[in-house]
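Trainee: I should like to go through this structure with you and ask what justifies each term that is applied to it.
Mentor: Please do; let us set each value against its definition.

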Amino acid sequence: MSAMKAVSAGPFELKRDGDRFSAGIRVLERELERVTLEAVLAKANRAATRRGAAGSGAFGSMRPRPVDWYCFDAADNAFPDWYPQGLTCSSDAGAAGNVFVVSWYYKPEAGERGVRLSFLNAATLRYRHVLLVEARADGGIAPIDIHAGGVAWYGHLLYVADTVRGFRVFDTRQIFEVNGGDDRAIGGKKGVYDAFGYRYVMPQTGAWTTTTGAARFSFAAVDRSADPDLLISGEYVDEPGETGRVARWRLDPDGALRAGADGVAAALDAYALPAGRIQGALSYDGAWYLSQGAGSQRNGTLIEVGDGIVRRPYPVGPEDLACVRGRGQVWSVTEFVGRRVIYGVPL
């Protein structure tokens with residue numbers, strides 16, 4: 001990896017954030033029905049389109065086109081308040097099937113609705129949004145106000161990038177069906193829970209928090225070609241002449257970061273990125289793949305870094321990266337209104 005300069009991994013040190021989430025989850029277990037991810041997918045209420053027309057706007061001048069893509073329904077493609085950012089998949093998780101997970105953040109400052117995840121079963125072309133929440137010991141639930149620029153799925157755990165803090169952790173075994181339907185409210189009162197009209201919520205179960213405050217966490221990915229498997233994150237930087245860094249942490253079989261007895265997880269390594277405006281990074285089999293944005297009107301670039309650097313055409317508004325290993329493909333999602341697609345290209 002001579003084209004990626006090694007830098008100090010010290011700024012990316014993380015510490016496990018205790019057990020402060022369990023009390024709120026115990027309340028939800030008493031009040032609501034816990035459901036499986038399979039049940040959520042079976043009751044998916046939105047239809048994606050494979051190789052749909054939204055790709056035409058997203059791909060712009062990109063040649064060749066992606067090998068495959070999925071479009072959100074017309075309402076999600078056009079809605080101006082929710083923006084897709086992160087992408088992961090069942091291949092990252094080591095799970096069976098062909099499922100993609102997209103993180104969206106709510107853009108308006110007024111009326112914050114937090115972060116949601118879309119679970120898409122590519123086999124059925126059906127998907128559903130699940131709202132991420134903080135569950136409190138007093139029985140309340142609240143939206144999570146972060147950018148959610150990346151998401152990585154490993155085992156049962158979902159790591160959601162929290163730009164200035166590290167990672168928030170969610171568990172696919174901890175999904176609850178709410179029993180209220182008010183699309184303007186969130187919270188629980190006298191046993192009735194609302195979640196802005198969403199049927200399912202996923203409470204935060206853990207966190208890994210920066211000990212230094214000297215790094216940013218803008219995206220997330222999983223490397224299953226290493227031993228042990230690795231979690232990846234790094235920094236989006238949009239300043240002339242400036243670039244960010246990318247770092248990797250070892251993963252234990254249970255999905256947690258490999259940490260010492262003190263709960264501190266040191267990054268395995270870190271590298272200076274070769275360009276700015278990197279929206280996603282993936283390492284695989286000794287190479288790096290970097291998603292570079294260029295605004296809402298111009299095509300982005302997929303930068304492949306090995307002994308040298310190769311720049312490949314990419315869609316408008318590319319974001320986080322995921323790997324579908326059985327097909328030898330790297331996948332991403334585009335963010336801009338009217339141009340929102342999940343798409344894959346060869347590694």
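Trainee: How do you know how many disulfides there are?
Mentor: A disulfide is a covalent bond between the sulfur atoms of two cysteines. The rule used here asks for a pair of cysteine sulfur atoms within 2.5 Å, and by that rule the count is zero. The model is a predicted one, in which local features need pLDDT of at least 70 and side-chain atom pairs count only at pLDDT 80 or more, while totals for chains, interfaces and linings use all residues. Residues are numbered from 1 along each chain as its sequence is written, and side-chain values use heavy atoms, with hydrogens and water left out.

Trainee: What makes C71 too far from C89 for a bond?
Mentor: The closest cysteine sulfur to that of C71 belongs to C89 and lies 18 Å away, so a bond is ruled out. C89 is in no disulfide either, as the nearest cysteine sulfur, in C323, is 7.1 Å away.

Trainee: Are C71 and C89 buried or exposed?
Mentor: The term buried means under 20% relative accessible area, exposed means over 50%, and partly exposed covers the range in between, with a 1.4 Å probe and protein chains only. C71 has 4% and is therefore buried. C89 has 1%, so C89 is buried as well.

Trainee: Why is the contact of R116 with D76 called a salt bridge?
Mentor: Side chains of opposite charge can pair when their charged atoms come close. The definition requires a side-chain nitrogen of Lys or Arg within 4 Å of a carboxyl oxygen of Asp or Glu. In this pair the closest N and O atoms are 3.5 Å apart, so the definition is met. The two residues are 40 apart along the chain, with R116 in strand β8 (residues 115–121) and D76 in helix α4 (residues 74–78). Helices (H or I, at least four residues) and strands (E, at least two) are DSSP runs, numbered from the N terminus.

Trainee: What makes R116 and D76 count as buried?
Mentor: R116 has a relative accessible area of 4% and is therefore buried. D76, at 5%, is buried too.

Trainee: How do you know that D238 and R277 form a salt bridge, and where do they lie?
Mentor: Their N to O distance is 3.7 Å, which satisfies the rule. D238 is in the loop between β19 (230–234) and β20 (245–250), and R277 is in the loop between β22 (269–272) and β23 (278–284), 39 residues apart. D238 is partly exposed, with 42%, and R277 is partly exposed, with 28%.

Trainee: Which residues are joined into one network by salt bridges?
Mentor: R46, D73, D76 and R116 are joined, through salt bridges that share partners. A search of the whole structure finds 21 salt bridges. Another of them is R312 with E304, at 3.3 Å between the closest N and O atoms.

Trainee: Why are β4 (49–50) and β27 called edge strands?
Mentor: Two strands pair if DSSP finds at least two bridges between them. The open sheet has five strands in the order β4-β5-β29-β28-β27, with antiparallel pairing. β4 and β27 are its edges because each pairs on one side only. β4 is joined to β5 (residues 68–71) by two bridges, which meets the rule. R50 stands opposite Y70 in β5.

Trainee: Why is β23 described as largely enclosed by the rest of the structure?
Mentor: Six of its seven residues are buried, so the description follows. β23 pairs with β24 (residues 287–292) in the antiparallel sense over six bridges, and L282 stands opposite Y289 in β24. The hairpin of these strands has two residues between them, and D285 takes a positive phi near 50°.

Trainee: What makes a space a pocket, and which residues lie nearest the centre of the largest pocket?
Mentor: On a 1 Å grid over the protein atoms alone, a pocket is an open set of points where a 1.4 Å probe fits, with protein on both sides within 12 Å along at least five of seven lines; lining residues have an atom within 4 Å of a point. The largest pocket is lined by 20 residues, and Q85, H147, Q279, E319 and E335 lie nearest its centre. β6 (82–89) and β27 (318–324) each supply at least two residues of the lining.
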